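Here is a friendly walk through the model, to be read with the structure open beside you. We begin with a sheet and work outward from there.

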Amino acid sequence: MSGDVASPPFRILPRITDLNRPFWTGGEHGELRFLRCRDCGTRLHPPVPVCHVDHSRNVHPEAVSGRATVATFTINHQMWMPGPELPYVVAIVEIEEDPTIRLTTNIVGCEPGDVYIGMPVEVVFERQPDGDGAVWLPLFRPRREAEVG
Amino acid sequence: MATEPLEKHACITGVGQSQIGRRLHRDPLELTIEGCLAAIEDAGLAVSDIDGLSTYPGFAIGNPGFSGASAVEVHDAMRLELDWFDSGIETSGQLGAVIKACLAVGAGLAKHVLCFRSVFEGSAQGGGGRQGIGADGGAGFRASGPLAWSLPFAAPSAAIWIAMFAQKHFHEYGTTREQLAQIALNGRKNAGLNPNAIYRDPMSMDDYFAARMIAEPFCLFDCDVPCDGATAFVVSHVDHAKDLRKPPIRVEAVGTALRGRPSWDQFDDLTTMATRDAGAHLWTRTDLRPSDVDILEAYDGFSFLTLSWIEALGFCKPGEGGAFIEGGDRIARDGELPLNTHGGQLSAGRLHGFGFLHEACVQLRGEGGERQVPKPPRVAVAAAGGGNTCGCMLLSRP
C-alpha cells in the first residue's frame, strides 16, 4: 500500500504541526493514521487535541486499513496552478472503519472516467520532499479485486 | 413567537453601488467610498449621521482582489465617528456583516450602520485566468487551517469543492446538467435587462453545453465572473427611519444557523450544505412562509449553490430542486418565483453576496427599471454563501 510516485507533481504542501504530523508522515510506514480517543474509541479528523464525544484528552494516532469508498468526486479540467496532469480526479472518500471520517484526495491509477460514487478504493502514498524531510500524501486507487468486499 | 426577533427593529434605508465592471483598474478604496456615499445619499443621510460600520471580510486571505477595503480604511478615509463597528470573515456568509448591523441597531449600539462589500477581483486577477487559492504563495508556501486538507490535493478552488456536492446531488436525485443550466440561462436573460451587468449577450442551452468544463458537472457558465465594484447599505433602527428619503425595507427575519460541521468535506449530508441550516433557521423567526415570498435573490457563485438555497429555503423538498427549475419558467421574471432578477453573479458579476441583497431592495422598491418584475413584490429573500458558511435575510416593503 505504500509506493512512491516516480516524479510527483508540484503540490502545495501542508504546514506540519505536532498534531497533524502522524497523519502526514504515516505513509513512510505505509500507514494511514488518524487520532483516536483511547477512552471511547472515537476517531478524530482533522486532528484535534480533544475528543468531541467525551472531551477526553487521551487521543493518540492509530492506523486504519487504508480502505475507503468514494463518497463523491469531480473530474477537474481547469489549470488552477501547476499540479497533476489534466484532467484529474478530486474525490471525497469515506474510510472503511468510520464513514463519517472523510478525506479530500485524488483518485489515481485509473482513467478519470472510470471513477464512480461508491467505488472501493485503497490508499497509496505520494512522497513529497519538504525541507529536510518529507510528507506522504494519502491518495487513493481502485481497490484490487481480491480485497473488495 | 415569544420574543420578537431583534432584527425586526432594523430596516434598510439606503442602497448604493459604485461603478461595476469586469476590469476597471480603479483604486479599490475609491470604488468602495463611491458605493458607500451612494448608499448614504440614497438614504437621505449625511456622512455625519453614520454611527456604525460593518463589512465582510475586512483584512482576509483569498483570491487576489477579494477585499477592496477594510473597515479601518473606510472608517479613517471618511473620518467616521462610530459607536459600533465590526468586520470579519468568520460569520454567516457575506450577509453576516449586514445581519450583525441589524442586531447592532436593534441593541441600540448604533442608529445608522453603513455596511459595505468591495471587490476588485477582475482587475487583480487580470487576463491570466482564474487562479487557485495559494497560487501566488511561492514554493515556500504551506497550507494551514482548513485549507491544509484540500490544497495539497490540487483542490484550490470552491469550484472543485462545490462540484463534488453537485455530483452527489446528481447521483442521489437524478439532477441533470440541463436542469442546472437554468440557473445560468435565467441569470443571463435577466442580465440582458440590467445595464450594470457584466455579460448581457443572450445565452442558449447550446451555448451552455458548448462551454468548456471546469470541474464536472460545472462548465464555465456555472462559475461566476470576477469583477470590480462595491455595494453598500445603510441599516437603520426603525425609529430613526421614518423621515428618510425612501420607504424603508423591513427586515422580517434572518437565518444564521450552522449545525453541521463547518467544513467543506466533513459536512454530514453531501447533497446539502450550510444552506440547509441557515434556510431552516430563517423560518423559525417569522410567521411568514415560503409561499409568501415574491422574489428570491440567491447566491450563485456557482450555479449549484442557488439550487441548494431553493431546497434549503423550502421552496421545494430536498432533492427536488432540479425539477423545480427545469425549463426555467417558474424562476423567470414573470414566473411564480422570480430568481436573480439582476443576473446573479454568473452574469452581473461577482459582487460577492451583497449584490443579491441590493437587488432584493431594488425590486421591493420597484426601482428595477426594465428588469422590474411585473407583479410588484412585497416579500423577498436575499441569501448568500453556501458550502461551509452562509446566511439569509427575509425582507418586506411596507
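In this predicted model, chain A holds an open sheet of three strands in the order E3-E2-E4, with antiparallel pairing. Strand E3 (43-44) and strand E4 (59-64) of chain A are the edge strands, each pairing on one side only. Strand E2 (residues 32-37) of chain A runs antiparallel to E4(A), and six bridges link this pair. If you would like a spot to click on, A:Cys37 stands opposite A:Val59 in E4(A). As general background, strands of a sheet pair through backbone hydrogen bonds, either parallel or antiparallel.

The loop between E3 and E4 of chain A contains A:Pro46. What is the geometry of the peptide bond from A:His45 to A:Pro46? That bond is cis, with omega near -15 degrees.

**The two chains side by side**

Stepping back, chain A has one helix and nine strands. Read from the N terminus, its elements follow the order β-α-β-β-β-β-β-β-β-β. Chain B, in turn, has twelve helices and twelve strands.

Some overall values for each chain are set out here.

| Property | Chain A | Chain B |
|---|---|---|
| Residues and radius of gyration | 149 residues, 16 Å | 398 residues, 19 Å |
| Span of the C-alpha trace along the principal axes | about 45 × 40 × 25 Å | about 50 × 50 × 40 Å |
| Buried residues | 38% | 60% |
| Share of contacts with a separation of 6 or more that join residues 24 or more positions apart | 53% | 78% |

How do the radii fit the rule for a compact globule? For 149 residues the rule gives a radius of gyration near 15 Å, so the 16 Å of chain A agrees. For 398 residues the rule gives a value near 21 Å, so the 19 Å of chain B agrees as well.

**Where the chains meet**

In the contact between the chains, 34 residues of chain B meet 27 residues of chain A. On the side of chain B that touches chain A, the elements giving two or more residues are strand E5 (142-143), helix H5 (158-173) and strand E6 (213-215) of chain B. Which element gives the largest share of that side? The answer is H5(B), with seven residues. By type, the residues on this side of chain B are 19 nonpolar, ten polar and five charged.

Strand pairing also crosses from one chain to the other. Strand E1 (residues 13-14) of chain A pairs with E5(B) in the parallel sense, over two bridges. Within E5(B), B:Ala143 stands opposite A:Pro14.

**The nonpolar core**

In soluble globular proteins, nonpolar side chains tend to be buried together. Here the largest nonpolar core has 160 residues, and those with the most contacts inside it are B:Val98, B:Leu114, B:Val235, B:Ala382 and B:Met393. The element that gives the most to this core is H5(B), with ten residues. That makes H5(B) a helix to look at twice, as it also gives the largest share of the side of chain B that touches chain A.

To see the surroundings of one core residue, try B:Leu114. Leaving aside residues up to four places away in sequence, B:Leu114 touches B:Cys36, B:Ala39, B:Ile40, B:Ile50, B:Gly52, B:Leu53, B:Ala232 and B:Val234.

**Backbone details in chain B**

Chain B has a cis bond to visit too: the peptide bond from B:Glu216 to B:Pro217 is cis, with omega near 10 degrees. B:Pro217 sits in the loop between E6 and strand E7 (218-219) of chain B.

Two residues with positive phi are also worth a visit. B:Arg79, which is not a glycine, has a positive phi of about 45 degrees. This residue lies in the loop between helix H2 (71-77) and strand E3 (84-87) of chain B. B:His352, also a residue other than glycine, has phi near 65 degrees. The loop between helix H11 (344-348) and helix H12 (354-365) of chain B is where B:His352 is found.

Are these two residues buried or exposed? B:Arg79 counts as exposed because it has 8 C-beta neighbours inside 10 Å, and the cut-off for exposed is 12 or fewer. B:His352 is buried because 29 other C-beta atoms lie within 10 Å, where 20 or more are needed.

Methods:
Residues numbered from 1 in each chain as written. Chains lettered and ligands numbered in written order. Predicted model: local features only at pLDDT ≥ 70, side-chain atom pairs only at ≥ 80, totals over all residues. Contact = placed C-beta atoms within 7 Å. Helix = DSSP H or I, 4+ residues; strand = E, 2+ residues; numbered from the N terminus. Nonpolar A, V, L, I, M, F, W, Y, C, P; charged D, E, K, R; others polar. Pairing = 2+ DSSP bridges. Rg over C-alpha atoms; globule rule 2.2 N^0.38 Å. Core = buried A, V, L, I, M, F, W, Y, C linked by C-beta atoms within 7 Å.
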